[in-house]
Amino acid sequence: MGGIAIASFLAASRQARASAWLEPPGEGQIITGSVFSDSTRYFDPNGKLIPIPAYEKFSLGSYIEYGLSDEFTLVARPFFDHDTQATTPTTRLTTGGTDIGLRAGVANFGDTVISVQAVAHVPFVSRQPLVNFDSDSIVSGDFRLLIGHSFSLAGMDGFVDLQGSYRLVGDDMPDEWHADVTLGARPRPNILLLLQSFATIAPQATADSPAYNWVKLQESLVYDVSTTWSVQGGVFETVAGTNAGRELGPLAAVWYRF
């Protein structure tokens, strides 16, 4: 979705699983967290940073997975955002929205799995985007291919997760291509290190928005307090783009597995 949101916490789960893996029937996880980002710089049409009025965004939400069967996992992400822009007379509070969909297994080769996922995004309140990289208020659908591979290196368990998707966006906003990569490693059994990259490309301009793209990097650490509970902390930054804000900020989450 536009910007970094709670969905990015789905990158890994128990036993260093990435999101390409399905949850076992009757099992799942709930990841509740918050993300704060601000932007005082903007990548212009040539990819150069220019100053803009300050834009801030605070997101709070949960990412939920539940194994419906051996073939299907339910995914959901309810959230809300609090957005502020210096050029706006008052702070605008939105009620956010929810994503809901299914992930289905395609193939399992032991250490490598392939799955597909379809998710619908439904806003609680429909409105015009504050900026072109904030489209969570618009109905959309995301269709995704996921490939996960687990491995062991130098005594550490790890995984790599590759995802590609096409997002259909309404209200005359550009459709988007997404390419997400997650690398995870456990230097200790109760510590998971995550390095993630999120790329978004909207190649076709519309009447309401120019074409745009960006790449965001995120680094975080997940600490397993017990077999059921974990905590996560990290940072992220937009490192490149065109017609997009340079967002950066911290993130934090609590994981519950059941």
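## Strands, buried residues and a pocket in a predicted model

Serine 62 lies in strand β4, which spans residues 49–67. This is a predicted model, in which local features need pLDDT of at least 70, side-chain atom pairs count only at pLDDT 80 or more, and totals for chains, interfaces and linings use all residues. Residues are numbered from 1 along each chain as its sequence is written, and side-chain values use heavy atoms, with hydrogens and water left out. Strands (E, at least two residues) and helices (H or I, at least four residues) are DSSP runs, numbered from the N terminus.

Serine 62 has a relative accessible area of 15% and is therefore buried. Buried means under 20% relative accessible area, exposed means over 50%, and partly exposed lies in between, with a 1.4 Å probe and protein chains only. The side chain of serine 62 makes a polar contact of 2.7 Å with the side chain of threonine 32. A polar contact is a pair of N or O atoms within 3.5 Å; within protein, one must be able to donate a hydrogen and the other to accept it, and residues adjacent in sequence count only if both atoms are side-chain atoms. From serine 62 to isoleucine 30 the C-alpha distance is 6.6 Å, across 32 residues in sequence.

**Overall content**

The protein has zero helices and 16 strands. Of its 258 residues, 47% are buried. The accessible surface comes to about 11300 Å², and 64% of this belongs to carbon and sulfur atoms. Accessible areas come from the Shrake-Rupley method with a 1.4 Å probe; for residues, only the protein chains shown count as cover. Among contacts (heavy atoms within 4.5 Å) between residues at least 6 apart in sequence, 58% join residues at least 24 apart.

**Strand pairing from β11 to β16**

Two strands pair if DSSP finds at least two bridges between them. The table gives four antiparallel pairs.

| Strand pair | Sense | Bridges | Opposite residues |
|---|---|---|---|
| β11 and β12 | antiparallel | 10 bridges | glycine 184 and leucine 194 |
| β12 and β13 | antiparallel | 12 bridges | phenylalanine 198 and lysine 216 |
| β13 and β14 | antiparallel | 12 bridges | valine 222 and glutamine 232 |
| β14 and β16 | antiparallel | nine bridges | glutamate 237 and leucine 248 |

β11 and β12 form a hairpin with two residues between them. In the hairpin of β13 and β14, four residues stand between the strands. β12 covers residues 191–202, β13 covers residues 212–224, and β16 covers residues 248–257.

**Threonine 182 and glycine 158**

Threonine 182 belongs to β11, residues 176–188. At a relative accessible area of 4%, threonine 182 is buried. Its side chain makes a polar contact of 3.4 Å with the side chain of glutamine 196.

Glycine 158 is found in β10, residues 156–169. This glycine is also a buried residue, with a relative accessible area of 3%. Leaving aside neighbours within four places in sequence, glycine 158 is in contact with His149, Ser150, Phe151, Gly184 and Ala185. Leucine 194 is 36 residues from glycine 158 along the chain, and their C-alpha atoms are separated by 9.7 Å.

**Positive phi in loops**

Most residues other than glycine have a negative phi. Alanine 154 has a positive phi of about 55° although it is not a glycine. Alanine 154 is placed in the loop between β9 (140–153) and β10, and is exposed at a relative accessible area of 79%. Asparagine 243 has a positive phi too, near 50°. The loop that holds asparagine 243 runs between β14 (229–242) and β15 (244–245). Asparagine 243 counts as buried, at 12% relative accessibility.

**The second largest pocket**

About 210 Å³ of space lies in the second largest pocket. Of the 14 residues lining this pocket, Leu22, Asp70, Gly105, Asn108 and Val113 are the closest to its centre. A pocket is defined on a 1 Å grid over the protein atoms alone, as an open set of points where a 1.4 Å probe fits, with protein on both sides within 12 Å along at least five of seven lines; lining residues have an atom within 4 Å of a point. Grid points are joined across faces, edges and corners, and the volume is the space filled by probe spheres set on the points.

β7 (97–108) and β8 (112–123) each supply at least two residues of the lining. The largest share, four residues, comes from β7.
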